[in-house]
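Open the model in your viewer and keep the selection panel at hand. This tour goes stop by stop, starting at the ligand.

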Amino acid sequence: MAAQVPHILVVGGGYVGMYTAYGLRKAARRGKIRVTVVDPRSVMTYQPFLPEAAAGSVEPRHVVVPLRKTLKGCRVVTGRVTGIDHANKVAKVMPEEGPDYDLAYDQVVVALGSIARTLPIPGLAEEATGFKNVEEAIALRNKVLDRLDVASSQPDPALRKSALTFVFVGGGYAGVEAFAELEDMARYATRYYDNIQPEDMRWVLVEATNRILPEVGPELGQYTVEQLRKRNMDIKLETRLESCEKGHVILSDGDEFDSDTIVWTAGVKANPALASTGFPLDEKGRVKCLPNLRIEGVEDAWSAGDNAAVPDLTSETGAYCAPNAQHAVRQARRLAENILRVVDGQQPQDYKHKYVGSVASLGLHKGVAQLYGVKVKGWPAWFLHRTYHVSRVPTFNRKSRVILDWTLALFFRREVTSLGSLQTPNEEFRRATDS
Ligand SMILES: Cc1cc2nc3c(=O)[nH]c(=O)nc-3n(C[C@H](O)[C@H](O)[C@H](O)COP(=O)(O)OP(=O)(O)OC[C@H]3O[C@@H](n4cnc5c(N)ncnc54)[C@H](O)[C@@H]3O)c2cc1C
């Protein structure tokens, strides 16, 4: 009977899960190990491109990476891990349909990422949308364009105003990029409406602290505030959303207004599903990791990315690595190498990476960037943003498709078609069956 090869179970197929499995796939193809990736989605999402996907600069299908196609040699299970019994090395898998089942493993990689960090604000759950996956990006694009259609066809000034008011809560890069990209797209789209001018729209960014885009430093954060205000966008610092019941927004600075579109981008927290793994968690709910990405005090278990507290060996203050793609990708590569080292009977190595800075796009030809301490603004920063991310998006196939999208946009006018009915595809058929 052939000897059993170690089975590596990767829980989550996002940045960490996909890149870890990618690093292990050759060993899996050679039959040295077996690799299984479990994720409720069959694709990995390249989140930094979501704002551009929402703005229509990149085709949404091109910002996701199909796991089965990319991870040849690994097994991909579309389902949710609902619990891990590490003492017995078994994970409980809930597939999309059918009963749960147990999946045995020899080593486990916990890569569950993060979810939106929300607050108990009245109306938030009912009225707001998040901005973390490609469905939300597509829905938001359709909603913004659909609201222009509604406002254009609606004589009631109050309803028109509510349709043309767009509120984003949270001033990190996800929020600011989505806010700026969508305003840029909507501003362009208004040229096709005879009764909507760009100044009829109200775009409000609400941020609880006194700065936005902390990722690019205070100076560029302030520059971004000024640039957005020049575009007539309302940037409210040191302000909180207090309530948004039935779309009536109440802010802590006393401002009140109606808005049909409220987007919540106020940070993330470690995936609460970690509580069902039994692994040691820190006060922020992240899995406690050693610098070599092993889970603290546990054999044969690893973690990295947004759901992990990984000591930042470049910090003098004992800080942990920030939850971002830059760390997630590099940690995943180290993690795959470490697993292979352990399988070969060698010691795993520590993860060490000094944060190099961030790039942010603020709409077509506009951006800010801070890389290796160098500050860049405007068109060069926007170009840097595109160059950096296209170099990072996984696979040659996706890189080529994104570049083709951008190249097409050089020759044709911006695509601003609203496909809002995508969210309710059966409506027309229902009406036909009812008549
Ligand atoms: C809009 C946006 C823009 C961003 N822009 C940047 C940027 O410009 N630069 C940057 O550095 N970072 C950026 N980030 C952050 C970056 O995307 C994250 O830090 C990175 O995705 C973290 O990787 P991860 O693998 O830890 O989590 P994820 O990539 O989120 O992967 C987690 C995976 O776990 C899966 N999962 C969840 N629950 C289960 C379960 N029960 N069982 C199995 N699988 C499960 C999820 O489906 C997901 O695929 C951005 C994030 C967003 C939302």
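How do the residues of the shell around the ligand divide into nonpolar, polar and charged? They split into 14 nonpolar, ten polar and five charged. Here Ala, Val, Leu, Ile, Met, Phe, Trp, Tyr, Cys and Pro count as nonpolar, Asp, Glu, Lys and Arg as charged, and the others, Gly among them, as polar.

Before you click on, note that this is a predicted model: local features need pLDDT of at least 70, side-chain atom pairs count only at pLDDT 80 or more, and totals for chains, interfaces and linings use all residues. Residues are numbered from 1 along each chain as its sequence is written, and side-chain values use heavy atoms, with hydrogens and water left out.

**Stop 1: the ligand shell**

Select the ligand and the 29 residues around it. A residue belongs here if one of its heavy atoms lies within 4 Å of the ligand. Val-16, Asp-39, Gln-47, Asp-306 and Ala-325 come nearest.

Now show polar contacts (pairs of N or O atoms within 3.5 Å; within protein, one must be able to donate a hydrogen and the other to accept it, and residues adjacent in sequence count only if both atoms are side-chain atoms).

- Tyr-15: a backbone N or O atom lies 3.1 Å from an oxygen atom of the ligand.
- Val-81: a polar backbone atom is 2.9 Å from a nitrogen atom of the ligand.
- Asp-306: a backbone N or O atom sits 2.9 Å from an oxygen atom of the ligand.

On its own, the ligand has 1000 Å² of accessible area, and the protein covers 91% of that. These areas come from the Shrake-Rupley method with a 1.4 Å probe; for residues, only the protein chains shown count as cover.

**Stop 2: who supplies the shell**

Colour by secondary structure. Helices (H or I, at least four residues) and strands (E, at least two) are DSSP runs, numbered from the N terminus. Helix H1 (15-29), strand E2 (34-39), strand E5 (75-85), helix H7 (173-189) and helix H9 (325-343) each supply at least two shell residues. H9 gives the most, with three residues.

Next, colour by domain, using bounds from an automatic or database domain assignment. Domain 1 (7-116 + 269-343) and domain 2 (124-266) each contribute at least three residues to the shell.

**Stop 3: the E22-E23-E24 sheet**

Three strands form this open, antiparallel sheet. Two strands pair if DSSP finds at least two bridges between them. Strand E22 (357-361) and strand E24 (374-377) are the edges, each pairing on one side only. Select strand E23 (residues 367-371): four bridges join E23 to E24. Val-368 stands opposite Lys-377 in E24.
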